[in-house]
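Good morning, colleagues. I should like to take you through one structure this morning, moving from its strands to its helices and then to its charged side chains. Please have the sequence and the model in view.

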Amino acid sequence: AGSVLEFSELGQESDSDPRQLMRAYFEELRQLIEGPVEFQVLAHLEYPKRFWLAGWPPYDPQAYREEILAVLEVAARHDLALELNTSRGGDPVWALGPGPTVIRWWRDVGGRQLSVGSDAHDPSAVAAGFLLARQVAANTGFVPSTARLGMWTRPLQPKLADGG
């Protein structure tokens, strides 16, 4: 059996293949969703990009499109919310997890809920990036909950009388 490695534990001199690590990570998420433990929010979908090593090819979700879509489709089928984590705020591609491309894929596979979280490990960073998360969520068709605490959702589209 292989050893378990957490992405934050990778050293800068790691000889690990990022493509292999990411594919394994996404497969593990897919299996987690289909497993026996029930949960409501899928968090940290693009967590590994926080620890992306300088010597690796640039992270691009398109390189893992098939694997990410497999995770998102299963999550949508289980009616999970996808966490839009703001991490530290800043550039939407790097700071948001997942980034705008993956949020669009979430919408496209029928994902209906987004949960926004800061994951701040310092009180001064709480809500950093929330404005950016709001913009990305709104630009992809999600609307905030009217409840004090609630998920961003996509309104149901009315079905046309002719079935189209």
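How many of the five residues of E2 are buried? Before I answer, please note that this is a predicted model. Five of the five are buried, so strand E2 is largely enclosed by the rest of the structure. The side chains of this strand, which covers residues 81-85, divide between two directions. Ala81, Glu83 and Asn85 point one way, whereas Leu82 and Leu84 point the other way, and each of these residues is buried. Please note that the buried set includes Glu83 and Asn85.

Let me turn to the partners of E2. With E1, strand E2 runs parallel, and two bridges join them. Within this pairing, Val41 of E1, the strand at residues 41-42, is placed opposite Ala81. E2 also pairs with strand E3, residues 113-117, again in the parallel sense, and here there are five bridges. In that second pairing, Asn85 is found opposite Gly117 of E3.

What kind of unit do E1, H2 and E2 make? They form a β-α-β unit, and it is right-handed.

That brings us to helix H2 itself, at residues 65-77. H2 comprises 13 residues, and from its first C-alpha to its last it reaches 18 Å, which is close to the 18 Å expected at 1.5 Å a residue. Its buried residues are Glu67, Ile68, Leu69, Val71, Leu72, Val74, Ala75 and Ala76. Against what do these residues pack? Their contacts are with helix H1, with strands E1 and E2, and with helix H4, residues 100-108. After H2 comes Asp79, and the phi of this residue is positive, near 55 degrees.

I now come to the charged side chains. How many salt bridges does the structure hold? There are seven, and I shall discuss three of them individually.

One of them joins the side chains of Glu67 and Arg23, with N to O at 2.8 Å. Since Glu67 belongs to H2 and Arg23 to H1, which spans residues 18-34, the pair ties together parts that are 44 residues apart in sequence. As for the surroundings of the two partners, Glu67 has 18% relative accessibility and counts as buried, while Arg23, at 36%, is partly exposed.

Another salt bridge lies within H1. Here Arg30 and Glu34 meet through their side chains, N to O at 3.0 Å. Because the two residues are four apart in this helix, about one helical turn separates them. Arg30 is partly exposed at 22% relative accessibility, and Glu34 is likewise partly exposed, at 41%. Which residues make up the network of salt bridges that includes this pair? Together with Arg30 and Glu34, the network links Glu27 and Arg77.

The third example concerns Arg107 and Asp108, whose side chains form a salt bridge at 2.9 Å, N to O. Is Asp108 buried or exposed? With a relative accessible area of 54%, Asp108 is exposed, whereas Arg107 counts as partly exposed at 26%.

To draw these points together: strand E2 is largely enclosed by the rest of the structure, it pairs in parallel with E1 and with E3, and H2 packs its buried residues against H1, E1, E2 and H4. The salt bridge between Glu67 and Arg23 then ties H2 to H1. Thank you for your attention.

How values were computed. Residues numbered from 1 in each chain as written. Predicted model: local features only at pLDDT ≥ 70, side-chain atom pairs only at ≥ 80, totals over all residues. Heavy atoms only, no water. Salt bridge = Lys/Arg side-chain N within 4 Å of Asp/Glu carboxyl O. Buried < 20%, exposed > 50% of the residue type's maximum accessible area, 1.4 Å probe, protein only. Expected span 1.5 Å × (residues − 1). Contact = heavy atoms within 4.5 Å. Pairing = 2+ DSSP bridges. Right-handed = clockwise from strand over helix to strand, strands pointing away.
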